[in-house]
Amino acid sequence: MIACRQLRREYGDLTAVQDLNLTVPPGEILGLIGPNGAGKTTTIRMMCGLLTPTSGEVSVCGVKVQEAPELAQTYIGYLSDFFNVYDDLKVWEYVDYFASAYKMPEAGRKERIDEVIAQVGLEVKHDAFIHGLSRGMKQRLGIARAIVHRPKVLILDEPASGLDPKSRADLRNLLLSLRDAGATVLISSHVLSELEGFCTSIAIMEKGVLVRSGRVDEIASEQRQHKVVRVAWSGATSVAPVLQVLPSVSELAVNSTEAVFRFAGNDDQLPDVLAALVGAGVRVSAFGEVKQTIEDIYLKISRNEVM
C-alpha cells in the first residue's frame, strides 16, 4: 500500500532522510518510531506529496505520488501533528468542507458526514461550533476529516499528542476498527507506550536512517536469544532451590513472592520447569514468558544490543 524507494531529502548540508526503503503491506498498522528529529515527519510529508524528495520515489496504492499527487491523495487520509480548525464553523460544516475538497459527490455526502461524525464519537457535537470543542474533540474532528472520503491508507503524525488516557484508548479502538474495515494505517510517535499492543509492525528511524522495519513479533524474536520468564507464587516455599540447579536457567532474580530468569530452552521444555516447581511443592500463581514491549525492541536496536 505504501512503497518508498531510496527516498532522500536534503536541506542544504543536512540530510533529513537518507535513502529510505520501506514497504507497508495491506492491512498493517505500522508504527513509525524514533526520537524527535529522526526524520519521521519529513518522511510522512513526502509520502503524502506535501514535500518533494531530493531523490527517490514514493508510491501509494500503486500510484507514484510525485507524478500524480492529486490521484495519490484520493487514496490517502492524512492528519498532521499540528492542524488548523476553523472555529467559526460547526462540526458538520468542517467535515463537509473537506468532503468537498476531496470532490466527493453531493449524492450521499450528508449521510457519509453523519456516519463519520458518529464514528469518531462526536454525534452529540454535530451542530456545535468548533471553538467550543475540547482538545480531544478537535483531534477526533481531525480524524473525521481525514477519513471522510474512505481512504485506503491513513497516515497520522503524532495523533495522540496531548490527549488524555481515555481519548487515547478511544483513538486506538477507532484505528483498529478502520483497519478491520480495510484501511492500512501508518502512525508516527516518539511515545512508544502509545503504540503498545496496537501496531502490527514497526519502522525505527534514527538520524534520518531507517534502522529496522518489520513485523513486531518477528523483530522481537530476532532480538531475543533467550526467553525471559516470570514466576510468582504464594506460601513459604521459594523457587530458588529448584531453578538454581537447572542448566537452562540463568540470571535468576528472586524476591519474596516473584522471580524472573532467562531460559535457554525451547518452548517444549518450558512446561518442564513449571512441573519441577509444582513437584517441589511451590504454589505457583503465575508462570509465563515476559513479552518484549515495543520500547524494549526499540532500545535494544538503537543501542545495537541483543537480548
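**Buried, paired, parallel: reading the labels**

Author: Let's start with Leu178: setting aside neighbours within four places in sequence, this residue is in contact with Gln119, Ile147, Leu154 and Ala183. Keep in mind that we're looking at a predicted model.

Reader: What makes those four count as in contact with Leu178?

Author: Contact asks for heavy atoms within 4.5 Å, and Gln119, Ile147, Leu154 and Ala183 meet that for Leu178. Leu178 itself is found in helix H6, residues 165-180.

Reader: Why does Leu178 count as buried?

Author: Buried means under 20% relative accessible area. Leu178 has 10% relative accessibility, so the label is buried. For a contrast in space, Ser234 is 56 residues away from Leu178 in sequence, and the two C-alpha atoms are 44 Å apart.

Reader: Leu178 sits in H6. Why are H5 and H6 called roughly parallel?

Author: Two packed helices are described by the angle between their axes and the distance between the axes. Here the axes of H5 (residues 135-147) and H6 cross at roughly 10° and come within 12 Å. Angles under 35 degrees count as roughly parallel, and therefore H5 and H6 get that name. Their crossing is right-handed.

Reader: Which residues meet where H5 and H6 come together?

Author: From H5, it's Arg140, Ile143 and Ile147; from H6, it's Ser167, Asp170, Leu171, Leu174 and Leu178.

Reader: Leu154 turned up next to Leu178. What makes strand S7 mostly covered?

Author: S7 runs over residues 153-157, and five of its five residues are buried. Val153, Ile155 and Asp157 point one way, Leu154 and Leu156 point the other way, and all are buried.

Reader: How do you know that S6 and S7 pair?

Author: Pairing needs at least two bridges. S6 (residues 76-79) and S7 have four, in the parallel sense, so they pass that bar. One of the matches is Ile76 with Val153. S7 is also joined to S8 (residues 184-189) by five bridges, again running parallel. There, Val153 has Thr184 as its bridge partner.

Reader: Over to the sheet with the order S12-S13-S11-S14. Why do S12 and S14 count as standing at the edges?

Author: That open sheet has four strands with antiparallel pairing. S12 (249-254) and S14 (283-289) each have a single partner strand, so each has one side left without a neighbour in the sheet. From one strand to the next, the twist averages 20°.

Reader: What joins S11 to S14?

Author: Six bridges do, with S11 (residues 227-234) and S14 running antiparallel. Within that pair, Val231 stands opposite Phe287. Helix H9 (residues 270-279) lies across S11, S13 (258-263) and S14, at about 165° to S14.

Reader: How many disulfides does the rule give?

Author: Zero. A disulfide is a covalent bond between the sulfur atoms of two cysteines, and the cut-off used is 2.5 Å. For Cys4, the nearest cysteine sulfur belongs to Cys48 and is 10 Å away, so Cys4 is in no disulfide by that cut-off. For Cys61, the nearest is again that of Cys48, at 12 Å, and Cys61 is in no disulfide either.

Reader: And the exposure labels: why does Cys4 count as buried or exposed, and what of Cys61?

Author: Cys4 has 3% relative accessibility, so it counts as buried. Cys61 comes in at 24%, which makes it partly exposed: partly exposed lies between under 20% and over 50%.

Reader: What makes helix H1 mostly covered?

Author: Six of its eight residues (40-47) are buried. They are Lys40, Thr42, Thr43, Ile44, Met46 and Met47. After H1 comes Gly49, with a positive phi near 80°.

Reader: What makes Gln6 worth a mention for its phi?

Author: Most residues other than glycine have a negative phi. Gln6 is not a glycine, and yet its phi is positive, at about 50°. You'll find Gln6 in strand S1, residues 2-11. Its relative accessible area is 41%, so Gln6 is partly exposed.

Reader: And why is Glu251 called exposed?

Author: Exposed means over 50%, and Glu251 has a relative accessible area of 57%, so the label fits. Glu251 is in strand S12. Glu251 also has a positive phi of about 50° without being a glycine.

Terms used
Residues are numbered from 1 along each chain as its sequence is written. This is a predicted model: local features need pLDDT of at least 70, side-chain atom pairs count only at pLDDT 80 or more; totals for chains, interfaces and linings use all residues. Side-chain values use heavy atoms; hydrogens and water are left out. Helices (H or I, at least four residues) and strands (E, at least two) are DSSP runs, numbered from the N terminus. Axes are lines fitted to C-alpha atoms, for helices over the stretch in contact, and angles run from 0 to 180 degrees between N-to-C directions. Buried means under 20% relative accessible area, exposed over 50%, partly exposed in between (1.4 Å probe, protein chains only). Angles under 35 degrees count as roughly parallel, over 145 as roughly antiparallel, 65 to 115 as roughly perpendicular and the rest as oblique. A crossing is left-handed if the near helix is turned anticlockwise from the far one by less than a right angle, and right-handed if clockwise.
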